[in-house]
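Work through these exercises with the structure open beside you. Try each task before reading its solution.

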Amino acid sequence: MKKKIISLAVASALITACGGGGGSSSTTTTNVTGLAMPETMSVVTAADSGTVTPKTSAKTAGITLNKNATDPDTNYSTDPANTYVYDASMESLDTVNMILCLMAQTRATDMVNEGAYIALVNENKCEQGENQSSSGSTGQSSSGQVTEYNSWVVEATRASDTADQIVKIWIPGEEGSNNPQDGQDILVEITTSEAVSDTKPFGDFTLNFKGVGDAGDFGGTPGTEMAVMRGTLKTVANTQSQPQFSFVNVSGDALPGVTGMGFAHEESASVVLDDASGSGGVAVTHRAETYDNMGTPVSDSSTYAIAFNADHLLRGKDTNGDDTADAQNCKSRTNFDTQVWRYNLYHAADGTFNG
């Protein structure tokens, strides 16, 4: 499957017609400083402070909140509000942020040189409004979901405060699943050379991952290990010292030399920000997949070029596979629709949230 690429330079130039132009380190008990990775690599972020602004309205169905619940030091007032921007061009970037969200839950930065340990990871926590991409879908409460933690084996090491930090993770597959893709074991290795900072919001790291399964589950020789998925997320150095990263993820028949698995998936992203503020930049994203739907082969692909600044986002789509942005769509970053995807319920008496 040919991967389509739209020139970043073209994306940068397109925005003219549209009307305009982290984390920190922590110290472990071994006196070696852990290097923090970014918890998000969002390209176009929500125009939101990320904090809760307590409000009352008629929608409380006659329930009156005790005024103490909205005091500045209550859970109701201080719990952060996570916000996401959805656009069809950013689906590959959603995968990037899901990966980073999962890595953050391991707390590997705080466990450097402490030996191998088991991290309980809530994988559902990192799903970012999946139904946004479905036709006619609406956000809905997740109050009916039961939190389930998966056990990941993690080991973080760093020889000294001048050495790279190495994190190795083993993620066991889902036992008894009818979908062999869910049964694959995933191996992750992260090499971090520099922690995130005000000047380097992505830090400096390379994250490689690989999914492996029993070949017998995919039509091969039972008992033989085979690669099901492979990918890399990494920062990229450039001559302008601009924040930059790249991402690629391929699985199934999209893997080099692999055939007969019955599905293929590939996604990629290349992003360059204007500066550390992240208010502007350019990106190219690509997704393609083929699969069988009850005997009917389905194939879908999309490639986008994005250019954005503080006020606008210009999206160009390659509609005919000639590696050129054809259809263009200009959107405002200051006038947008919002919907609630997930919310918490707090005690009216004191504003506490007990999970």
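The exercises below concern a predicted model and go from its nonpolar cores to its surface and its aromatic rings.

**Exercise 1. The largest core**

Task: Find which residues of the largest nonpolar core touch the most other members, and which helix gives the most to this core.

Solution:
- Step 1. The largest nonpolar core has 42 residues.
- Step 2. Met103, Ile169, Ile190, Leu207, Leu233 and Phe245 touch the most other members.
- Step 3. Helix 3, residues 91-105, gives the most to this core, with seven residues.
- Step 4. Another core lies apart from it. That one has 12 residues, including Phe218, Val228, Val250 and Leu255.

**Exercise 2. Around Leu233**

Task: List what Leu233 is in contact with, leaving aside neighbours within four places in sequence.

Solution:
- Step 1. Start with the lower numbers: Met41, Val96 and Leu100 are in contact with Leu233.
- Step 2. Add Phe205, Thr206 and Leu207.
- Step 3. Finish with Phe245, Ser246 and Phe247.

**Exercise 3. A patch on the surface**

Task: Name the residues of the nonpolar surface patch that includes Ile118. Then decide: is Ile118 buried or exposed?

Solution:
- Step 1. The patch is formed by Ile118, Leu120, Tyr149, Val153, Trp170 and Leu187.
- Step 2. Together they have about 600 Å² of accessible area.
- Step 3. Ile118 sits in strand 3, residues 117-121.
- Step 4. Ile118 has a relative accessible area of 58%. Exposed means over 50%, so Ile118 is exposed.

**Exercise 4. Two aromatic pairs**

Task: Classify the pair Phe202 and Phe245, then the pair Tyr346 and Phe353.

Solution:
- Step 1. A pair of aromatic rings is described by the distance of the centres and the angle of the planes.
- Step 2. The model has three aromatic pairs.
- Step 3. For Phe202 and Phe245, the centres are 5.2 Å apart and the planes stand at 90 degrees. Planes over 60 degrees apart count as edge-to-face, so this pair is edge-to-face.
- Step 4. Phe202 lies in the loop between strand 6 (185-194) and strand 7 (204-214), and Phe245 in strand 9 (residues 244-252). The pair links distant parts of the chain, 43 residues apart.
- Step 5. Buried means under 20%. Phe202, at 7%, is buried, and Phe245, at 1%, is buried too.
- Step 6. For Tyr346 and Phe353, the centres are 5.4 Å apart, with 50 degrees between the planes. This pair is tilted.
- Step 7. Tyr346 is partly exposed at 22% relative accessibility. Phe353 is partly exposed at 29%.
- Step 8. Tyr76, Tyr346 and Phe353 form one aromatic cluster.

Technical notes. Residues numbered from 1 in each chain as written. Predicted model: local features only at pLDDT ≥ 70, side-chain atom pairs only at ≥ 80, totals over all residues. Heavy atoms only, no water. Core = buried A, V, L, I, M, F, W, Y, C linked by side-chain atoms within 4.5 Å. Buried < 20%, exposed > 50% of the residue type's maximum accessible area, 1.4 Å probe, protein only. Helix = DSSP H or I, 4+ residues; strand = E, 2+ residues; numbered from the N terminus. Contact = heavy atoms within 4.5 Å. Patch = residues over 30% accessible without salt bridge, like charges linked within 9 Å, V, L, I, M, F, W, Y side chains within 5 Å. Areas by Shrake-Rupley, 256 points an atom, 1.4 Å probe, with all protein chains shown as cover. Salt bridge = Lys/Arg side-chain N within 4 Å of Asp/Glu carboxyl O. Phe/Tyr/Trp six-rings, centres within 6.5 Å; stacked < 30°, edge-to-face > 60°.
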